[in-house]
Amino acid sequence: MKELEDRIRREGTIKPGNVLKVDAFLNHQCDVALYDAMGRAWAEHFAGKNITKILTIEASGIGIACVAARHFGDVPVIFAKKAQSINLDGDQYVSTVYSFTKQREFPVIVSRKYLGPDDHVLLIDDFLANGKALHGLIDICEHAGATVEGIGIAIEKGFQGGGDELRSLGYDVDSLAVVDSMDPQNGTIEFRA
Ligand code: 5GP
């Protein structure tokens with residue numbers, strides 16, 4: 001998606017440890033018109049799939065997923081919570097995710113009330129790096145007996161391999177910008193054609 005690539009080039013910064021910072025429009029300040037265009041792009045890609053729920057992970061995925069839902073008939077958005085919460089009643093699907101940015105493992109939880117075997121799920125997240133967050137969400141869908149219909153990602157860092165591994169497993173991964181390389185020395189970012 002050219003608009004997203006242009007924004008990354010203009011406003012993204014490369015941090016140590018292969019972290020791309022896009023706080024100006026995605027991870028801190030939210031450009032809702034851009035989110036809307038992203039949602040429209042995923043709706044075109046996944047047209048014809050009967051999506052009943054969108055599943056994401058807190059926190060950055062939530063806003064993106066909620067705007068995207070407007071393009072999928074306002075289906076409910078569920079976000080996996082990153083720790084045990086007193087608001088949940090113990091009847092939960094649980095998986096474990098290793099966080100790329102925080103470099104530690106944490107449990108992710110979805111209430112059984114909101115996901116079940118009849119659901120056809122679109123997974124959405126802001127970034128795809130090694131694929132750990134998505135494997136956690138896929139694991140939760142498997143526990144629920146739900147079908148993963150596809151995966152919508154804003155920015156995939158293709159050089160970290162998580163996206164291609166998911167594609168090789170048969171998942172339909174639609175990443176709107178795929179970074180093939182980024183050079184912290186001179187700040188250049190190359191995208192997959
Ligand atoms: P993965 O689990 O695929 O290794 O990493 C994806 C998760 O880590 C995303 O949910 C995202 O929040 C975070 N993440 C991974 N790489 C980056 C990055 O370069 N920049 C930012 N802002 N978040 C990232």
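Which residues does A133 touch, not counting residues up to four places away in sequence? The answer is I57, V97 and D125. A133 is taken up again below, with the rest of the shell around the ligand.

## The chain as a whole

This is a predicted model. The chain has six helices and ten strands. Its radius of gyration is 16 Å, close to the 16 Å that the globule rule gives for 193 residues, so the chain is as compact as a globular protein of that length. Taken along the principal axes, the box filled by the C-alpha atoms is roughly 50 × 35 × 35 Å.

Of the 193 residues in the chain, 38% are buried. Among contacts with a separation of 6 or more, 61% are between residues 24 or more positions apart.

## The shell around the ligand

There are 19 residues around the ligand, and F100, A129, N130, K132 and A133 come nearest. By type, the shell divides into eight nonpolar, six polar and five charged residues. Three elements each supply at least two residues of this shell: β2 (19-21), β7 (120-128) and α5 (132-144). The largest share, four residues, comes from β7.

The UniProt annotation "binding site", from an unreviewed entry, lists A129, N130, G131, K132 and A133. Two of these can be followed further. N130 is in the loop between β7 and α5, while A133 is in helix α5. N130 has 16 C-beta neighbours inside 10 Å and so counts as partly exposed. A133 has 25 other C-beta atoms within 10 Å, so A133 is buried. Beyond four places in sequence, N130 touches F100, Q160, G161 and G162. F100 is also one of the residues that come nearest to the ligand.

## L20 and K157

The same kind of annotation in the unreviewed UniProt entry, "binding site", also covers L20, N27 and K157. L20 lies in strand β2, and K157 lies in strand β8 (residues 147-157). What sets their burial classes? A residue needs 20 or more other C-beta atoms within 10 Å to be buried. L20 has 19, so L20 is partly exposed. K157 has 24 and therefore counts as buried.

L20 and K157 are in contact with each other. Leaving aside neighbours within four places in sequence, L20 also touches G12, I14, I155, V179 and M182. On the same basis, the contacts of K157 include N18, A129 and V179. V179 therefore appears in both sets of contacts, and A129 is one of the residues nearest to the ligand.

## The nonpolar core

In soluble globular proteins, nonpolar side chains tend to be buried together. The largest nonpolar core here has 54 residues, and I54, A68, L123, L137, C141 and A154 touch the most other members. Helix α5 gives the most to this core, with seven residues.

What does A154 touch, once its neighbours within four places in sequence are left aside? The contacts of A154 are L4, L26, M38, I64, D126, F127, L176 and A177.

## Helix α4 and I64

Helix α4 (residues 60-69) has G61, I64, A65, V67, A68 and A69 buried. An α-helix has 3.6 residues a turn, so residues three or four places apart point the same way. The elements covering the buried residues of α4 include α3 (32-45), β3 (53-57), β4 (77-80), β7 and β8.

I64 belongs to helix α4. With 27 other C-beta atoms within 10 Å, I64 is buried. Leaving aside neighbours within four places in sequence, I64 is in contact with Y35, M38, I124, D126 and A154. I64 and M38 are 26 residues apart in sequence, and their C-alpha atoms are 8.2 Å apart in space.

## I109 in strand β6

I109 is placed in strand β6 (residues 105-111). There are 18 C-beta neighbours inside 10 Å of I109, so I109 counts as partly exposed. I109 and V32 are 77 residues apart along the chain, and 27 Å separates their C-alpha atoms.

Methods
Residues are numbered from 1 along each chain as its sequence is written. This is a predicted model: local features need pLDDT of at least 70, side-chain atom pairs count only at pLDDT 80 or more; totals for chains, interfaces and linings use all residues. A residue is near a molecule or strand if its C-beta atom, placed from the backbone, lies within 6 Å of it. Ala, Val, Leu, Ile, Met, Phe, Trp, Tyr, Cys and Pro count as nonpolar, Asp, Glu, Lys and Arg as charged, and the others, Gly among them, as polar. The radius of gyration is taken over C-alpha atoms; the globule rule is 2.2 Å times the number of residues to the power 0.38. A residue is buried if 20 or more other C-beta atoms lie within 10 Å of its own, exposed if 12 or fewer, and partly exposed in between; C-beta atoms are placed from the backbone. Two residues are in contact if their C-beta atoms, placed from the backbone, lie within 7 Å. A nonpolar core is a set of buried Ala, Val, Leu, Ile, Met, Phe, Trp, Tyr and Cys residues joined through C-beta atoms within 7 Å. UniProt positions are given in the numbering used here, feature names are shortened, and annotations may be inferred rather than shown by experiment.
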